[in-house]
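Dear colleague,

I am passing on the structure we spoke about, together with a short account of what was found in it. Please keep it open beside the text as you read.

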Amino acid sequence: MALDLSAFARVSLGHWPTPLDECPRLGAALGGVRVLVKRDDVSGLGVGGNKLRKLEFLLAAAVDGGADTVITFGALQTNHGRLTAAACARLGLRCELILTRDVPRTGEAYERSGNMALHTLYGATVHLCDDQRAVDETYAQVVERATAAGHTIATIPVGGSNALGVLGYVAATDELFTQLDAAGVVPDRLVVPVGSAGTVAGVALATELLGRSTRVVGACVSHTAAESLADIRRLTGEAAALLGAPEPTLAGVHTDDRAVGPGYGIPTDQMWAAVRLFAETEGITLDPVYTGKAAACLVDQARTGEIAPGETVVFLHTGGLPGLFAYAPDLRT
Ligand SMILES: Cc1ncc(COP(=O)(O)O)c(C=O)c1O
């Protein structure tokens, strides 16, 4: 490993390295682009996904701090919540998920299937809230009850996105470039979904620390391009400080919000078209909330010629499979 993270405690949660798959039929459909997909969707525990990388650092710090209870947050169909629950099960920790109904979607599939079914299967206690005020109140009550019962709490932010969580994708990007170097592949761009931005922040920071000129494209799924860039700047700055590295320039980082549509978690036709394209050309399953929208961004960049034929693109598949089942009724149309 070129980047040394050995000073940071880490628990083992995933199967690393994840595969790096050549996708020639997808590349042909995109007009002659060379596409490789980094398969962090098949990282193992709890159906897999990007959050395991962050949780390896976040939960190690929690355990070192004496915590036996982990509290975190998200939307009903949070993949981060599901993987926190699975990782807590693996580590013998209590897990409390405080979830918000902030996606305008109801129905049996959305409210009970997909990640919602898995949170409790992995043993988490789920608290459902209608808005941020309810989240704040519920959090205070959960902390009070757990403390009174003698538990020690670690609170993990939405998406696991803080400086320590970012290190998960610093490690992942180091792993990715090791694979690319071994295969003799020099990528022109890395396409990464952006929600709370910890994932792309790790990719951007490591790409810069490794001295690579690869462009990092953050494909936004919830916030605007400007907001996402501000989040990336804050998180990369904090993570660089943790590593004792200089403040990153982010010169090669671009954020693109063309595929967000009406908002976080709200499906678009372009997203479904991209989900079907990956499935029908390569048998790769994307999700409607994150990777589907990031793929829609990639497809549109190829369609408009922003990605030139012959370019080499690595698409980071961050997981989210259970979310597909939460939206399954839409797939019938
Ligand atoms: C499947 C999936 N992809 C991408 C992301 C975005 O990662 P980040 O929040 O680090 O930007 C998430 C976050 O929840 C996710 O669950």
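The length of helix α11 (residues 291–303) agrees with expectation, because at 1.5 Å a residue its 13 residues should span 18 Å, and its end C-alpha atoms are indeed 18 Å apart. Please bear in mind that this is a predicted model.

Eleven of the 13 residues of α11 are buried, so this helix is largely enclosed by the rest of the structure; among the buried residues are T291, G292, K293, C297 and Q301. What do the buried residues of α11 pack against? Their partners are the strands β7, β8 and β9, together with α10 (269–282) and β10 (312–317). After α11 comes G305, which has a positive phi, near 85°.

Of the strands that α11 packs against, β8 (residues 215–220) is itself mostly covered, with five of its six residues buried. On one side of the pairing, β8 is joined in the parallel sense to β7 (residues 189–194) over six bridges, and R215 in β8 is the bridge partner of R189. Between these two strands the chain passes through helix α8 (residues 198–209), in a β-α-β crossover that is right-handed.

Strand β8 also runs parallel to β9 (residues 253–256), to which four bridges join it, and here V216 stands opposite V253. Together with helix α9 (residues 225–243), β8 and β9 make a β-α-β unit that is right-handed.

With best wishes

Conventions
Residues are numbered from 1 along each chain as its sequence is written. This is a predicted model: local features need pLDDT of at least 70, side-chain atom pairs count only at pLDDT 80 or more; totals for chains, interfaces and linings use all residues. A residue is buried if 20 or more other C-beta atoms lie within 10 Å of its own, exposed if 12 or fewer, and partly exposed in between; C-beta atoms are placed from the backbone. Two strands pair if DSSP finds at least two bridges between them. A crossover is right-handed if, with the strands pointing away from the viewer, the path from the first strand over the helix to the second runs clockwise. The expected span of a helix is 1.5 Å times one less than its number of residues. Two residues are in contact if their C-beta atoms, placed from the backbone, lie within 7 Å.
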